[in-house]
Amino acid sequence: FDEIAEENGCEKIKTIGDCYMVAGGMPVPDPQHAHMVCRMGLSMLQKMHKFRNDQGKPIEIRAGAHSGPCVAGVIGRKKFVYDVWGDAVNTASRMESHGEKMRLHVSQATYELIQEDFVCEDRGTMEVKGKGQMHTYFVSEETEASKARSKQAITRAKTSRRRTMGVGMQGVREVQLDQHADWFQNRKSEEQASGSDQV
């Protein structure tokens, strides 16, 4: 799945139990964020056909997606973690849990962004836990015309993300170095005050 995320310009956020969470359009905003996530969802489903459990039965998964505003950032003081929060995250989780095995289930918001480039099946209105009535869709496949356009967009997204994350990690290293320098200076001052030359 990590390789599929990279191939489609998506950002892996984390795994939660048996769930694999990714986001499109972050940390670098991209107008094709919904397309990126749906391509990854379809690719995940396709790849799973080759896997079998110990009894030789196929391993089946569900995939869900939603599009909307969220908040993302790096949290932690010792172990840095990039995470994302917001109602859009919860809704995406509901799309997965209310979906069907080996199908990509999306919200109305995501459908409106991808409908010109993906073949979708109207699932109608359904009751979604914590959200009420929602109109949802199953995504079947991407059109050939969209696939051709996506190659350039994916390359551009991956390049931009690498540059942004590179700058971000450099900033983290600089902060760590500044903290170490402050500690060293304070330690030196304490040793000098106590009459010791050892630092």
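**Exercise 1.** Classify Phe-1 and Tyr-20 in this predicted model as buried, partly exposed or exposed.

*Solution.* Take the cut-offs: buried means under 20% relative accessible area, exposed over 50%, and partly exposed in between (1.4 Å probe, protein chains only). Phe-1 has a relative accessible area of 35%, so Phe-1 is partly exposed. Tyr-20 has 21% and is therefore partly exposed.

The model is predicted: local features need pLDDT of at least 70, side-chain atom pairs count only at pLDDT 80 or more, and totals for chains, interfaces and linings use all residues. Residues are numbered from 1 along each chain as its sequence is written, and side-chain values use heavy atoms, with hydrogens and water left out.

**Exercise 2.** Find the aromatic pairs in the whole structure and assign the geometry of each.

*Solution.* Rings of Phe, Tyr and Trp (its six-membered ring) pair if their centres lie within 6.5 Å; planes under 30 degrees apart count as stacked, over 60 as edge-to-face and the rest as tilted. The search of the whole structure gives two pairs.

- Step 1: the ring centres of Phe-1 and Tyr-20 are 5.3 Å apart and the planes stand at 75 degrees, so this pair is edge-to-face. Phe-1 is in the segment before helix 1 (2–7) and Tyr-20 is in strand 2 (residues 19–23), 19 residues apart, and the pair links distant parts of the chain. Helices (H or I, at least four residues) and strands (E, at least two) are DSSP runs, numbered from the N terminus.
- Step 2: for Tyr-111 and Tyr-137 the centres are 3.8 Å apart and the planes are at 5 degrees, so the pair is stacked. Tyr-111 belongs to helix 4 (residues 108–114) and Tyr-137 to strand 8 (residues 132–142), so the pair ties together parts 26 residues apart in sequence.
- Step 3: Tyr-137 counts as buried because its relative accessibility is 7%.

**Exercise 3.** Describe the surroundings of strand 6 (residues 104–107).

*Solution.* Start with the side chains: Leu-104 and Val-106 point one way, His-105 and Ser-107 the other way, and all are buried. Next, the pairing rule: two strands pair if DSSP finds at least two bridges between them. Strand 3 (residues 63–65) and strand 6 run parallel and are joined by three bridges; Gly-64 stands opposite His-105. Strand 6 and strand 8 run antiparallel, with four bridges, and Val-106 has Tyr-137 in strand 8 as its bridge partner.

**Exercise 4.** Which residues does Glu-96 touch, not counting residues up to four places away in sequence?

*Solution.* Glu-96 is in helix 3 (residues 87–97). Its relative accessible area is 18%, so Glu-96 is buried. With contact meaning heavy atoms within 4.5 Å, Glu-96 touches Cys-19, Arg-62, Ala-63 and Gly-64.

**Exercise 5.** Summarise the chain and state where the coordinates call for caution.

*Solution.* The chain has five helices and eight strands, in the order α-β-β-α-β-β-β-α-β-α-β-β-α from the N terminus on. Of its 199 residues, 34% are buried. Among contacts between residues at least 6 apart in sequence, 61% join residues at least 24 apart.

The last step is confidence. pLDDT, the predictor's confidence in each residue, runs from 0 to 100. It averages 84 over the chain, and 76% of the residues score at least 70. Over residues 171–177 pLDDT stays under 50, and the model has two contacts beyond four places in sequence for them. Where pLDDT is low, the predicted coordinates should not be read in detail.
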